[in-house]
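Colleague: I'm new to reading protein models. Could you walk me through this one?

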Amino acid sequence: MRIHPQLPIYRLAGPGESVLLYTPGTLATVNQIQAEQLQAAWNGDMRLQQEPSLQEPISWLAGHARRAAAAREQWREAPYRPECLTVYLGNRCNLGCGYCFAAPARHKTAADWSGRRLDPAIFAAAAHLVGRHCAEKNRPFQLGCHGGGEPTVHWDLLLLLVRISREIAAQHAVPWQGYIATNGVLPADRARHLATLFCRVGLSCDGPPDIQDRQRPTADGGPTSVQVRRTAALVKQAGARLEIRATITPATANRQAEILRYLVTELGADAVTFEPVYGRSPATGSNRQPAPDPGLWAEHFLHARQEALRHRIVLHFAGFRPDEQHGPHCNVLRQSLHLTPDGKATNCFLVIDGDDSRHAAQIVGGFDPRSGRFLLDQAQIDRLRAQAMTIGAACEPCFAAWHCTRSCPETCPAEDAVSPPTEESAAAFRCQLHRAIGHGLLKEAALEMLRQEAHSLPASFPASAAASPLDETLAATMAETTRSLAPITGQKALRAWEASRRHYRLEDRGLPAPLWQTEGFRYDGDETWRRLRLLVNQSPARPLSLYLHIPFCAGRCGFCDCYTLPIKTGHRLHADYVDRLLLDLRQWSEQTALAACPVTTVHFGGGSPNVLAPELFSSLVAALRSRFGIRQSTEWAVEATARLLSRPHLERLRNLGFSRLHLGVQTLEEPLRRDIGRSEPATIVLQRLEDCLALGFITTVDLLYGLPGQTAAGFFAGIARLVDLGVHGLSLYRFNRSLRNRGFVRRYRDQADQADMARDYSLFLAADLELERAGYRKNHFCHYARPEDRNLYYTHARRGEDLLALGATADGVFADLHYRCPPLTRTFLDPTRPHPLFQGSVAAPGTDRHRAAVAAHLMTGSVPGHLLRAAGLAEKATHWRQCGLLRARNDEPDLFSLTGSGSWHLCAMLEELKTSDPS
C-alpha cells in the first residue's frame with residue numbers, strides 16, 4: 001500500500017517482524033512502530049514530523065521518491081527519437097509452437113501474405129532515421145532482428161539488412177550493435193555465422209528435451225532439442241553472448257529451477273529470461289492455455305532465481321524489472337522503431353500485419369515514396385505515449401506499477417477502447433504475478449540487509465542482479481591481493497571494506513557521467529552557440545581552462561574503449577582536422593571577453609596528440625598563444641604514449657612550452673603488455689619515463705586494473721617500480737568493457753569472465769593505501785599526486801573556472817551550460833561552417849551553490865568541512881566517515897579526503913547530494 005499522500009512510497013510486509021518501506025529503486029527496513037510513525041507523519045501528524053529520530057528516514061525516503069517521480073516525468077516528456085531499429089523480416093516460421101502469438105494470424109491469412117518480406121529500401125530509409133537520432137544522442141545504432149516468424153529463414157535478406165545498417169551507422173559515425181532472436185533450428189554454418197554477425201544472440205528454448213520437443217516442435221511435429229543444443233554450442237564457440245528466453249507454460253511452471261539448470265549447464269546461457277505464456281492476445285484474439293496460480297508461479301521463479309545466482313548469472317522476468325522504471329512493451333516508450341514485414345512502423349510487438357485494419361491505431365509511421373524518407377505520425381505517437389504512461393487509479397496504490405508492464409499484452413494500456421482487466425481475465429494473473437515476484441525480490445534484498453545488520457539505516461535495493469558483495473569471494477581476493485604488500489596495508493584494506501559494505505554495493509561503482517548524458521540535450525548546435533556567446537560576453541572575465549581533443553592514434557590497442565581513430569602520422573585527415581580546429585579557435589577568440597580571460601591550463605588529450613606531424617602540432621600551439629590569454633604561469637599538458645616519445649620529440653615539446661606529460665602506461669606486467677597491444681617492453685617504457693623526468697617534465701601515468709590475465713603481484717610490482725622511479729602522479733582506472741573493445745574481450749573471454757567486482761575492488765583499495773603510504777595524495781578521485789603535480793585540467797570545476805573544450809567528442813562548460821562536440825564526420829570538418837559544431841547542450845538544474853561546490857570538491861578527492869556544513873551536510877558527512885568513504889586529514893583536521901572506498905562509491909555519494917534535502 002502507498003503510505004505517502006503524494007509521493008510513491010509504499011509499505012509492504014518484510015521478513016519476520018520487519019516492515020519494508022519502498023520507493024522505486026530504493027528500499028529500507030524498519031520495525032512496526034517506526035513504520036506506523038512514518039505513515040502518520042506523512043499523513044499530517046505534526047508532532048511526529050518534528051521527531052528527531054524520524055528526520056533521517058523521512059528526508060532520505062522522500063528525497064529518493066522525488067527523484068523517482070522526476071525521472072518518470074522526464075521520461076514522459078522525452079521526445080520519441082528511436083535509437084533502435086527492430087525488424088520483423090517476414091512471418092514465415094519452421095516451428096509449430098502452440099502458444100505462438102503470431103501463429104493464428106499466419107495460418108488464417110493468404111499464402112502470399114505469409115511469404116511477405118521486408119523491402120530493403122524501406123528498411124534503409126528507417127535506418128537513416130534511426131542513425132540520425134543515434135548521432136544526435138551519441139548512442140550506438142542498435143539493430144534487433146526478431147519475428148512474427150523465424151528471421152533466419154530469410155537468410156539472404158538478413159545478411160543484406162545487416163550490411164545496409166552497418167553502412168548507415170558508419171555514415172552517421174556511430175558504433176553498430178546487433179541482436180537476433182532465433183529458434184535455433186537452422187543449419188550449422190548459419191548458426192556459426194550468426195555469432196560473427198551479431199554480438200548478442202537470443203535463443204528460444206523452453207527447457208530440457210522433453211519440454212522443448214513437446215512445446216516447440218517443428219512445423220510437421222518433429223523434435224527440435226538436438227538442433228537447438230547444437231546451435232547454442234556453435235554460438236558459444238564463436239564468442240557471441242548467448243541469451244536464452246524460455247516460455248513457461250502451466251505444465252512447466254513447477255519445473256523452473258530445473259529449466260534454469262539445463263539452460264545454463266547444458267546450453268551455456270549467459271543470461272536467461274522467463275516469460276509466462278500469454279493468456280489472450282489483443283492482436284489475434286486467440287485464447288491460450290489457462291494460467292497457473294500466480295503465487296506458485298512466483299515461488300518457483302524465485303527458487304530458479306536463487307539457482308541462477310549460484311551459477312552467477314541473472315534470471316530476468318520480462319514483465320517486471322525492479323532495476324528500472326517502465327510501462328507496457330510499447331515501442332514508443334522504448335525508443336525503438338519497429339517495422340513489420342509490410343514496412344509499417346508499429347507501436348506493438350504483437351502487430352505482425354501493418355495492413356490489417358484492426359491494427360490501424362498501433363501504426364506510427366511508414367515510408368513516403370515521394371520523398372524517399374521514413375515518416376512518423378507524431379500525433380499518433382503522442383496519443384499512444386500519453387495512454388501508455390498513465391497509471392490508472394486501480395494500479396496507483398501498487399508498488400509494482402512503476403516497474404511492470406501492467407496488463408500488457410493481455411489487454412492494451414495504449415488503447416482507450418480496451419476495458420480494464422478483471423479478476424477473471426488472464427491479465428489478472430499477470431498483475432498478481434508482478435506483485436508476487438516484486439514482493440519476493442524486495443524480501444530477498446531485505447534479508448541481505450538484515451544479515452549485514454543494516455536494517456536500522458536505509459540501503460539501496462540491489463535490482464535484479466546477483467546479491468553482493470559476495471563475502472567469501474571478496475575476502476579471498478583481498479587475501480591474494482595483499483600477499484605482496486606490507487601486512488598493515490592488508491589489515492587497513494579489510495577494515496575499510498568492513499566499514500562500507502553494509503551500506504554500499506560494489507556493483508554500484510561507476511564513473512561520474514557528464515550532465516548531457518544524464519539529463520539529455522536541451523539545445524541544438526545553433527542554439528548552443530548563441531547561448532555560449534551570451535555567457536562569454538555578458539559574464540565578468542574569470543580564469544579559463546582550455547582543452548583540445550586529438551582523436552588519432554598510430555594504432556588501436558585492443559583493450560581501449562576510448563573514442564579514437566587509428567590513423568598514422570602524415571594522413572591527410574590530420575591536416576583537415578587541425579585546419580578545422582584552427583578555424584574554431586579563431587571563432588572562439590573573436591569573442592573579445594573570452595580572449596581576455598587568463599588561461600590557467602592548456603591540455604591536449606586523445607587519442608595520442610603526439611601522433612600529429614610536428615608542424616601541425618606547432619600550429620595549434622601558436623594559435624593558442626596568439627589568440628588567448630596565455631600567461632607565463634599557464635600549465636601546458638599533453639597526453640602521450642611512450643612509443644612516440646623519443647628524446648628529440650621530448651625536447652621539441654619542452655621548447656613549445658609544455659611542462660606536464662601524461663603517459664598511458666596501462667601496465668608494466670609482461671607478457672600482459674603484448675596481450676593488450678603495447679608493442680614496446682616495460683624496460684623501454686621506464687627508460688622513456690626517465691627521459692621525461694630528466695628533462696624536468698611533471699610526469700604522470702595511467703594504470704589499469706582488472707585486465708584479463710592480470711595478477712595482483714604484477715599490478716603492485718608495477719606501482720612500486722613507478723613510485724621508485726619518481727613519477728609525479730598515477731591515475732588508476734578500472735578496465736572497462738564496451739562496444740569499442742568487445743573484440744578484445746571475446747579474445748580473452750575465459751580470463752575476462754574470471755574477473756569480478758570483488759577482485760577489482762580489492763586491487764584498487766590496496767593500491768589506494770599503498771600510494772598514500774608512499775606519499776601520494778588524491779587531487780582527483782582516481783589520480784594520486786605528489787605536490788608538484790597540480791593536475792589543473794581535471795580540477796577546473798573546483799577553482800570555479802570555465803572549460804573551453806574543442807575537438808571531436810570534447811565536453812566543455814561555461815557557467816551552468818554543459819556542451820558536447822560531435823564525433824568526427826565530414827560535417828565536422830566542413831570549412832564553410834559559420835561557427836563551431838556542437839552536438840547539443842544542457843543547462844544544469846537549479847542546485848544549491850554550496851552543494852555544487854561540495855560535488856566539485858569530491859570529484860577532486862577532498863572537501864573542506866566548512867563547505868559540508870554550509871551545504872547542510874554535516875550529518876551526511878558523519879555517515880560517510882562512519883562508512884569509511886571520507887577521512888579527516890592529519891595535517892588539516894577540517895579537510896576530509898576520499899578514501900579508496902570513497903573513490904569507488906563516488907557516484908553514490910554524488911547521488912546522495914541530490915536526495916538528502918530535508919522535507
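What follows is a chat about strands, helices and cores.

Modeller: First, a warning: this is a predicted model, where local features need pLDDT of at least 70, side-chain atom pairs count only at pLDDT 80 or more, and totals for chains, interfaces and linings use all residues. Residues are numbered from 1 along each chain as its sequence is written, and side-chain values use heavy atoms, with hydrogens and water left out.

Colleague: OK, how much of strand β8 is buried?

Modeller: Helices (H or I, at least four residues) and strands (E, at least two) are DSSP runs, numbered from the N terminus. Buried means under 20% relative accessible area, exposed means over 50%, and partly exposed is in between (1.4 Å probe, protein chains only). Strand β8 covers residues 241-248 and is largely enclosed by the rest of the structure, because the buried ones number six of the eight residues.

Colleague: Which residue of β9 stands opposite Arg245?

Modeller: Two strands count as paired if DSSP finds at least two bridges between them. β8 and β9 (residues 271-276) have six bridges and pair in the parallel sense. On the other strand, the residue opposite Arg245 is Thr273.

Colleague: And which residue stands opposite Val201 in β8?

Modeller: Here the partner strand is β7 (residues 200-204), joined to β8 in parallel by five bridges. Facing Val201 in β8 is Leu242.

Colleague: What hand does the unit of β8, helix α11 and β9 have?

Modeller: Point the strands away from you: a crossover is right-handed if the path from the first strand over the helix to the second runs clockwise. With α11 (residues 256-266) as the helix, the β-α-β unit of β8, α11 and β9 is right-handed.

Colleague: Now α10: how far apart are its end C-alpha atoms?

Modeller: The expected span is 1.5 Å times one less than the number of residues. Helix α10 (residues 225-238) has 14 residues, so it should span 20 Å, and this agrees with the distance between its end C-alpha atoms, 20 Å.

Colleague: What do the buried residues of α10 pack against?

Modeller: Those buried residues are Ser225, Val228, Thr231, Ala232, Leu234 and Val235. Contact means heavy atoms within 4.5 Å. The elements they pack against are α8 (188-197), β7, α9 (209-215) and β8.

Colleague: Which helix gives the largest share of the largest nonpolar core?

Modeller: A nonpolar core is a set of buried Ala, Val, Leu, Ile, Met, Phe, Trp, Tyr and Cys residues joined through side-chain atoms within 4.5 Å. The largest has 107 residues, and Leu85 is among those with the most contacts inside it. The largest share, nine residues, comes from helix α6 (residues 120-137).

Colleague: Is Arg673 buried or exposed?

Modeller: Arg673 sits in helix α23 (residues 672-676). Its contacts, not counting residues up to four places away in sequence, include Val665, Glu680 and Val685. With a relative accessible area of 1%, Arg673 is buried.

Colleague: Last one: what is the strand order in the open sheet of three strands?

Modeller: Strands of a sheet pair through backbone hydrogen bonds, either parallel or antiparallel. In this sheet the pairing is antiparallel. The edge strands, β30 (862-864) and β31 (886-888), each pair on one side only. That gives the order β30-β32-β31.
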